[in-house]
Amino acid sequence: MTRAAWTEQLARRRQRAQAAPTFAVEGRLRRVVGLTLEAEGCEAALGARCLVDTADGSQLDTEVVGFADERLLLMPVGEMHGVLPNARVRPLAHAGGLPVGAGLLGRVIGADGIPLDGKGPLDSGEHAALKAEPINPMARKPIDTPLDTGVRAINALLTVGRGQRLGLFAGSGVGKSTLLGMMTRYTDADVVVVGLIGERGREVKEFVEHTLGEEGRRRAVIVAAPADAPPLKRLRGAQYATAIAEWFRDRGQRVLLLMDSLTRYAQAQREIALAIGEPPATKGYPPSVFAMLPALVERAGNDAEGVGSITAFYTVLTEGDDYRHDPIADAARAILDGHIVLSRDLAEAGHYPAIDIEASISRVMPAVTAREHQRAAQRFRQVYSAYRQQRDLIAVGAYQKGSDPQVDQAIVMWPKLRAFLQQEVDEPMSLADGIGALDALAAEAAQ
């Protein structure tokens with residue numbers, strides 16, 4: 001046999017050896033406490049998958065979340081039922097990925113990649129890992145182009161840039177989902193990826209059918225992991241939605257990622273960390289939570305080539321409508337490029353969207369807007385704040401006209417300022433039209 005033939009035969013055998021399945025040592029289930037399973041006799045890395053035999057002959061999918069001495073600590077991905085003592089635990093050599101691709105557009109899928117909309121299997125031949133390598137920060141394209149969200153108050157006063165990450169801080173029942181639905185339908189992004197993490201199951205269908213609508217759904221992918229899903233599935237839901245957004249961004253498309261909510265993602269990690277014995281640090285949240293938040297958020301943004309982008313909105317639920325003393329809200333403000341605060345007082349007064357302009361900020365607005373636009377927005381804020389600071393005196397008739405010329409002007413312009421910030425759900429406003437309306441108000445305020 002010639003040397004070339006030997007080389008070719010060796011290459012074929014090496015290829016067959018690499019394609020052969022890898023055998024793993026099986027173990028046994030020794031203990032179950034809450035949602036934590038302890039397996040003995042097998043080895044697997046953190047994040048690896050293990051299958052646990054159940055009483056009905058099926059297998060429970062779990063993930064390695066820690067280890068103690070000679071035992072693996074497992075967390076179920078699905079519902080845990082039928083688990084027996086000494087059940088067989090079989091580590092999988094490869095965790096595999098979840099389906100991604102253009103075939104997911106218009107579909108509603110779970111955190112495990114299984115369709116939830118009853119429209120048959122997914123038309124996708126590609127798979128991606130839940131966690132991707134971060135982009136070199138020096139290679140990212142700077143944020144220098146505005147993104148039209150279709151919401152006048154955001155476009156004009158809190159202008160968003162492509163590749164920006166913003167927080168949407170809100171309590172319950174102040175129009176958060178409605179605002180997300182408006183941005184989903186009216187944004188000029190190519191693709192919208194919505195992650196519904198830890199929300200009520202009823203709200204998933206309502207958001208898809210009513211808030212999102214047929215028009216918004218056509219170019220959207222919805223990943224749902226409702227509140228009754230195990231904590232590991234809620235974690236995977238947020239990571240899966242981000243992985244789908246990354247797939248579209250890597251192909252040069254402008255992606256809008258809406259994550260509802262970042263708080264539920266943090267709470268899922270808290271449940272897992274406390275279950276495996278990690279000590280709590282701040283208001284019951286262990287340190288791993290504050291390490292995972294930036295790891296998820298930093299995956300959004302512009303790509304290295306400057307073609308594709310992920311503009312992300314992460315909703316943050318605030319306890320008692322106080323976002324200043326909530327640890328997750330505080331951590332989110334530090335790692336995001338701005339925040340939009342929704343006010344319960346405005347919502348109860350019938351003011352929608354209930355955006356508190358004074359408490360909200362877009363940190364990249366100076367980089368994506370013209371100087372004239374910035375001056376107009378600043379003038380609007382000055383007049384608006386002048387009225388808000390004296391509103392109690394004005395309401396009871398204690399303010400004397402002529403005491404402050406700026407307040408006098410604010411009283412005259414107040415109906416127009418409020419009308420500018422309000423917008424009907426079915427009436428989109430383009431970025432150019434919003435800026436034009438702002439310039440008109442600023443010109444009137446300057447007289």
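**Exercise 1. Work out which strands flank S2, beginning from the residue opposite Leu 74.**

Leu 37 stands opposite Leu 74 in S5. Before going on, note that this is a predicted model, where local features need pLDDT of at least 70, side-chain atom pairs count only at pLDDT 80 or more, and totals for chains, interfaces and linings use all residues. Residues are numbered from 1 along each chain as its sequence is written, and side-chain values use heavy atoms, with hydrogens and water left out.

Step 1: S2 and strand S5 (residues 71–76) pair in the antiparallel sense over four bridges. Strands here are DSSP runs of E, at least two residues, numbered from the N terminus, and two of them pair if DSSP finds at least two bridges between them.

Step 2: S2 also pairs with strand S1 (residues 27–33), again antiparallel, over five bridges. Val 33 has Thr 36 in S2 as its bridge partner. S1 and S2 make a hairpin with two residues between them, and Gly 34 in the turn has a positive phi of about 65 degrees.

Step 3: Check the cover. In S2 (residues 36–40), four of the five residues are buried (under 20% relative accessible area; exposed is over 50%, partly exposed in between; 1.4 Å probe, protein chains only).

**Exercise 2. Classify the ring pair of Tyr 285 and Phe 290.**

Step 1: Recall the cut-offs. Rings of Phe, Tyr and Trp (its six-membered ring) pair if their centres lie within 6.5 Å; planes under 30 degrees apart are stacked, over 60 edge-to-face, the rest tilted.

Step 2: Apply them. The structure holds six aromatic pairs. In this one the centres are 6.3 Å apart and the planes at 65 degrees, so Tyr 285 and Phe 290 are edge-to-face.

Step 3: Look at the surroundings. Tyr 285 is buried at 4% relative accessibility, while Phe 290, at 27%, counts as partly exposed. Arg 270 lies over the face of Tyr 285, 4.3 Å from the ring centre (CZ of Arg or NZ of Lys within 6 Å of the centre and within 35 degrees of the ring normal).

**Exercise 3. Trace what surrounds Leu 157.**

Step 1: Leu 157 belongs to the largest nonpolar core, of 60 residues, and is one of those that touch the most other members (buried Ala, Val, Leu, Ile, Met, Phe, Trp, Tyr and Cys joined through side-chain atoms within 4.5 Å).

Step 2: Leaving aside neighbours within four places in sequence, its contacts include Phe 380 and Phe 420 (heavy atoms within 4.5 Å).

Step 3: Follow those rings. Phe 380 and Phe 420 join Tyr 384, Tyr 387 and Trp 414 in a cluster linked by ring pairs. The charged end of Arg 152 sits over the ring of Phe 420, 5.6 Å from its centre.
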